[in-house]
Amino acid sequence: MNDEHSQTPSSPEHSIVSLEKLNKHFGSLHVLKDIDLDVTPGEVLVIIGASGSGKSTLIRCVNGLEEYQKGRLHVDGKELLPYGKSGQSLQAIRTEVGMVFQQFNLFPHLTVKANVTLAPLKVRGMTSQEADTTAERLLERVGIADQADKYPTQLSGGQQQRVAIARALAMDPRLMLFDEPTSALDPEMIGEVLDVMRELAREGMTMMVVTHEMGFAREVADRVIYIHQGEIVEQGPPHEVFDNPRNERTQNFLSRVLQH
């Protein structure tokens, strides 16, 4: 079986995200190994792999939440430098990138609407009226406009995650990152969050999604990459990766997850 990496050369000028020979260490643990990857405008990239493979670390590097040690990383044409040297670039990137985490990270003392208006007010410099209008539109978009005046603890997990998506969208991002957004949800709540993500994909939002939801990946992704021990060992359209994986490690992983 061919173990060569199937990776795409980097071209920052044409990509929303461009990684070139990116390496990330946690102490002596080599988490990401020479990652080459491009994400083009409007693309939905789904990242799959076993727990501990480096999936979440990869997208956290894209948003500057983790520092890398070697290689190059461009987001929306701006370079994120290693070792925390990015300065203004990091702040500029974070205004263009929305991120949704496993946990909802909502402010419990603020209403749903106030959680969504916070970033437009503080970062985008909107007036209160503009921020309110934006929040109302986005809460309608994710299907929970009627929950605007409630507090996060009064909502289900699925509703809280949809608030988190609305909050990320309130920055009007060019890129959305999702780090296993359904993993903390009860099974009956997963579908409502995935439906919002499907709609974003249909609307042309550029997305990088780490998920264990293989049905969603097959349906929505333009491209799927499989990461094994910090390396991209396979990538391609969903039907190729799921139906005809070329790498033995991908085959073994999918044989385990697709039978459940």
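Modeller: A definition to start: two strands pair if DSSP finds at least two bridges between them. Keep in mind that this model is predicted.

Colleague: How do you know that β7 pairs with β8?

Modeller: Count the bridges. There are 5 between β7 and β8, residues 206-210. The cut-off is at least two bridges, so β7 and β8 count as a pair. The two strands run parallel. In one of the matched positions, Leu175 stands opposite Thr206 in β8. Between the two strands, the chain passes through helix α6, residues 187-202, in a right-handed β-α-β crossover.

Colleague: What makes β6 a partner of β7?

Modeller: Bridges again. β6, residues 97-100, is joined to β7 by 4 of them. At least two are needed, so β6 and β7 pair. Their direction is parallel. Met99 has Leu177 of β7 as its bridge partner.

Colleague: Why is β7 called largely enclosed?

Modeller: The strand covers residues 175-179, and 5 of the 5 are buried, so the rest of the structure largely encloses it. Buried requires under 20% relative accessible area.

Colleague: Which residues show that both faces of β7 are covered?

Modeller: In a regular strand, side chains alternate between the two faces of the sheet. On one side of β7 lie Leu175, Leu177 and Asp179. Met176 and Phe178 are on the other. Every one of these residues is buried.

Colleague: Why is Asp76 called buried?

Modeller: Its relative accessible area is 18%. The limit is under 20%, so Asp76 qualifies as buried. Asp76 sits in the loop between β4 and β5. Beyond its neighbours within four places in sequence, Asp76 is in contact with Ile16, Glu96 and Arg174.

Colleague: What makes β2 and β5 edge strands?

Modeller: Take the open sheet of 4 strands, ordered β2-β1-β4-β5 with antiparallel pairing. β2 (29-39) and β5 (78-80) each pair on one side only. On average, neighbouring strands of this sheet are turned by 30 degrees against each other, direction ignored.

Colleague: How do you know that β1 pairs with β4 and also with β2?

Modeller: β1, residues 17-26, shares 5 bridges with β4, residues 70-75. β1 and β2 share 7. At least two are required, so both pairings hold. Both are antiparallel. Toward β4, Val17 stands opposite Val75, and Ser18 faces His74. Toward β2, Leu19 has Leu37 as its bridge partner.

Colleague: How many residues lie between β1 and β2 in their hairpin?

Modeller: There are 2. Gly27 is in that turn, with a positive phi of about 60 degrees.

Colleague: Why is α3 called roughly parallel to α5?

Modeller: Two packed helices are described by the angle and the distance between their axes. Here α3 (residues 112-122) and α5 (residues 157-169) pack at about 25 degrees, with axes 8 Å apart. Angles under 35 degrees count as roughly parallel, so α3 is roughly parallel to α5.

Colleague: Which residues of α3 and α5 meet, and in which hand do the helices cross?

Modeller: From α3 come Val112, Asn115 and Val116. They meet Val163, Ala166 and Arg167 of α5. The crossing of α3 past α5 is right-handed.

Key: Residues are numbered from 1 along each chain as its sequence is written. This is a predicted model: local features need pLDDT of at least 70, side-chain atom pairs count only at pLDDT 80 or more; totals for chains, interfaces and linings use all residues. Side-chain values use heavy atoms; hydrogens and water are left out. Buried means under 20% relative accessible area, exposed over 50%, partly exposed in between (1.4 Å probe, protein chains only). A crossover is right-handed if, with the strands pointing away from the viewer, the path from the first strand over the helix to the second runs clockwise. Axes are lines fitted to C-alpha atoms, for helices over the stretch in contact, and angles run from 0 to 180 degrees between N-to-C directions. Angles under 35 degrees count as roughly parallel, over 145 as roughly antiparallel, 65 to 115 as roughly perpendicular and the rest as oblique. A crossing is left-handed if the near helix is turned anticlockwise from the far one by less than a right angle, and right-handed if clockwise. Contact means heavy atoms within 4.5 Å.
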